[in-house]
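Q: Hi! Could you walk me through this structure? I'd like to start with the basics and then wander a bit.

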Amino acid sequence: MSITIIKPGVSCSIQDLGRWGYQQFGVPIGGAMDRDAAKTANRLCENDDEEAVLECALHGLELKFNETVCFALTGGGARATINGIDVSYNRLIKVIEGSILKLHPDAFGCRTYIAFASGLTIKKELGSASTYVASALGGMHGRNIIVGDELIVNKKIKEPNVEKDIVIDENGFGISKWKAQVNLLPNVNDVVELSCVPGPEWELFDEASQAIFSNQIFTVGAQSNRMGYRMEGATLSLKEKTELVSTAVTRGIIQVTNQGHPIILMADAQTIGGYPRIARVCSKDISLLAQCKPGMKVKFKINPHRSL
Amino acid sequence: MQAPRIYAIHDRALTIEFSTSISEEINLLVLQLHASLETNPFDGFIESVPAYSSLTVYFKEDVSITKVETTLLEHYTQCIASSSTNIAIAIQSAKHIIPVCYDIEFGLDLEEVATTCKLSIQEVIAIHTSIEFRVYMIGFVPGFAYMGTLPVALETKRKNNPRLAVPEGSVAIAGLQTGIYPATIPGGWNILGKTPVKMFDKTKEPCSFLQVGDTVQFKSITKKEFEEHK
């Protein structure tokens with residue numbers, strides 16, 4: 001069973017829940033930016049949570065099903081159609097051969113996840129199928145999805161139980177009557193609140209910067225990517241200039257550059273960093289942040305209660 | 001020895017900071033704690049990441065963070081005790097001689113470094129090849145080893161405008177550190193030359209050519225030798 005990519009859209013890559021155990025060699029964890037959405041897509045398909053999925057930033061993806069396939073769309077950032085007919089997210093979809101799935105622009109969210117029942121045939125590298133372009137690891141030959149890529153869907157071991165109730169109509173597809181319960185996606189007009197705790201270097205920032213960070217609104221910058229979100233807004237400064245000894249960093253850490261701009265580290269975060277870390281976004285809100293696209297507004301809600 | 005500072009960088013990751021300065025002695029303790037955790041992992045341990053003077057431990061979400069903290073301190077106390085009585089875990093560290101071609105075709109900043117440091121190009125090369133460097137940590141990108149300590153005579157600042165693409169294999173310096181770019185990526189270090197040795201290979205075990213604790217001495221080779229090595 002296979003799928004042909006007609007257009008990859010803004011950016012599309014294969015991801016799973018990440019590459020663990022290689023950070024001591026400098027290899028980032030990587031994996032899906034919105035882990036919750038990736039898991040939901042797999043669960044809809046009755047796959048393991050760790051199964052490889054497609055992660056599509058924003059819109060533009062177009063793909064053709066070369067056989068009858070069961071799949072699920074989760075996350076957001078786009079409106080989906082099959083053969084020109086709108087199709088809903090967070091449900092199991094069965095589609096016949098020759099059908100075309102397209103992702104169109106939408107005001108909500110940022111990343112769509114597509115899981116296929118039985119999963120994709122992708123060679124794992126260093127324990128994961130996640131694409132990490134900088135070291136050509138995982139995915140399709142270590143790179144993002146391009147025009148003409150043919151993705152192989154694993155042979156069915158068993159018919160998913162849930163698939164039996166789906167009736168294919170005259171448009172060439174059918175969707176499940178039930179759906180997965182998911183959180184609301186952020187909209188371009190929202191101010192998204194992110195729960196944070198003070199970072200290891202919180203005390204090194206001057207009081208004015210601590211107040212700005214906690215009270216002002218920041219915007220997700222256009223330079224944001226899978227490595228990190230560059231936040232635009234007021235600049236932050238330290239009480240005094242301090243050179244820090246580099247130490248481990250990870251997803252959720254908010255580091256501040258020498259120019260005073262906060263960067264929130266995301267899935268492909270480097271393993272070690274040397275910038276002062278003002279705060280970290282609680283892991284429960286990382287999926288929400290992964291669904292914020294450039295231009296969206298964010299407010300950091302500092303919870304002074306530290307877990308340690 | 002000051003008491004270590006322990007803090008969370010994630011709800012599933014704790015950092016134990018031994019010190020806020022860089023020394024070989026501290027880095028060796030970091031490695032001992034790393035080895036101690038890898039040889040004798042606690043329930044729910046995923047991996048640990050050594051840095052210059054700290055170690056970060058990642059664990060599964062069903063483990064209590066306070067329990068990990070207690071376990072980490074136990075391992076730490078043991079490491080301190082055993083290092084003072086010379087029964088420390090033997091850290092396997094390799095000695096490498098890495099060939100570098102210091103031709104100006106590869107050493108894109110060689111002339112600038114020589115000018116800044118008020119040295120001749122030959123003197124820059126002589127200093128860079130005279131020291132046995134220690135690998136303090138691996139990060140930035142897969143396989144990138146942070147090595148020290150460079151003599152003060154070769155101390156330089158990072159470039160004001162980092163290059164968008166530093167060629168793979170470039171041997172570079174910044175501050176009192178030296179390193180080798182394992183892939184063609186953006187970077188701001190000053191490039192002295194190029195090595196034909198591959199620093200990151202996903203098909204090898206381990207994938208990184210250099211390991212924390214290894215020592216490296218650079219050896220100057222000609223362009224012909226560089227081509228032959230490839």
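A: Happy to. One term to begin with: two residues are in contact if their C-beta atoms, placed from the backbone, lie within 7 Å. Also keep in mind that this is a predicted model.

Q: Thanks. Among contacts in chain A between residues at least 6 apart in sequence, what share joins residues at least 24 apart?
A: In chain A, 76% of those contacts join residues at least 24 apart.

Q: And what is chain A built from, in helices and strands?
A: Chain A has three helices and 21 strands. Its radius of gyration is 20 Å, close to the 19 Å from the globule rule for 308 residues, so chain A is as compact as a globular protein of that length. The C-alpha trace of chain A spans about 65 × 40 × 35 Å along its principal axes.

Q: How much of chain A counts as buried?
A: Of its 308 residues, 50% count as buried.

Q: Let's talk domains. Where do they fall in chain A?
A: Domain 1 of chain A covers 2–175 and domain 2 covers 191–302. The contact between them takes 19 residues from domain 1 of chain A and twelve residues from domain 2 of chain A. On the domain 1 side, helix α1 (residues 35–44) of chain A gives the largest share, three residues. By class, that side of domain 1 of chain A has seven nonpolar, eight polar and four charged residues.

Q: How far apart are the centres of those two domains of chain A?
A: The C-alpha centres of domain 1 and domain 2 of chain A are separated by 29 Å.

Q: What about the domains of chain B?
A: Chain B is assigned domain 1 (5–84) and domain 2 (95–229). Here seven residues of domain 1 of chain B are in contact with six residues of domain 2 of chain B. Helix α1 (residues 24–39) of chain B supplies the largest share of the domain 1 side, three residues. That side of domain 1 of chain B has five nonpolar, one polar and one charged residues.

Q: Back to α1(A) for a second. Is that helix enclosed by the rest of the structure or not, and why?
A: Eight of the ten residues of α1(A) are buried, so this helix is largely enclosed by the rest of the structure. Among the buried ones are A:Arg35, A:Lys39 and A:Leu44.

Q: What do the buried residues of α1(A) pack against?
A: They pack against several elements of chain A, including β2 (11–15), β3 (53–57), β10 (111–116) and α3 (286–290). Just after α1(A), A:Glu46 takes a positive phi of about 60 degrees.

Q: Okay, new topic: which strands close into a barrel in chain A?
A: Seven strands do, in the order β13-β20-β17-β18-β15-β14-β21, with mixed pairing. Neighbouring strands of this sheet are turned by 40 degrees against each other on average, direction ignored.

Q: Can you zoom in on β18(A)? Which strands pair with it in the antiparallel sense?
A: Strand β15 (residues 228–232) of chain A pairs with β18(A) that way over three bridges. Strand β17 (residues 253–256) of chain A also pairs with β18(A) in the antiparallel sense over three bridges. As for bridge partners in β18(A), A:Arg230 has A:Ile263, A:Tyr229 has A:Ile264 and A:Ile254 has A:Ile264.

Q: Are the faces of β18(A) covered or open?
A: Both faces are covered: A:Pro262 and A:Ile264 are buried on one side, and A:Ile263 and A:Leu265 are buried on the other. In a regular strand the side chains alternate between the two faces of the sheet.

Q: Nice. What's the backbone doing in the hairpin of β17(A) and β18(A)?
A: That hairpin has five residues between the strands, and A:Gly260 takes a positive phi near 95 degrees there.

Q: Any odd backbone spots elsewhere?
A: A few. For background, most residues other than glycine have a negative phi, and most peptide bonds are trans. A:His141 has a positive phi of about 50 degrees and lies in the loop between β10 and β11 (150–152) of chain A. In chain B, the peptide bond from B:Glu205 to B:Pro206 is cis, with omega near -5 degrees. Another cis peptide bond joins B:Gly148 and B:Thr149, with omega about 5 degrees.

Q: Is A:His141 buried or exposed?
A: A:His141 counts as exposed, with 10 C-beta neighbours inside 10 Å.

Q: Last one: how many residues of each chain are in contact with the other?
A: 29 residues of chain A are in contact with 38 residues of chain B. The chain A side divides into 14 nonpolar, 13 polar and two charged residues.

Definitions and conventions:
Residues are numbered from 1 along each chain as its sequence is written. Chains are lettered from A and ligands numbered from 1 in the order in which they are written. This is a predicted model: local features need pLDDT of at least 70, side-chain atom pairs count only at pLDDT 80 or more; totals for chains, interfaces and linings use all residues. Domain bounds come from an automatic or database domain assignment. Helices (H or I, at least four residues) and strands (E, at least two) are DSSP runs, numbered from the N terminus. Ala, Val, Leu, Ile, Met, Phe, Trp, Tyr, Cys and Pro count as nonpolar, Asp, Glu, Lys and Arg as charged, and the others, Gly among them, as polar. A residue is buried if 20 or more other C-beta atoms lie within 10 Å of its own, exposed if 12 or fewer, and partly exposed in between; C-beta atoms are placed from the backbone. Two strands pair if DSSP finds at least two bridges between them. Axes are lines fitted to C-alpha atoms, for helices over the stretch in contact, and angles run from 0 to 180 degrees between N-to-C directions. The radius of gyration is taken over C-alpha atoms; the globule rule is 2.2 Å times the number of residues to the power 0.38.
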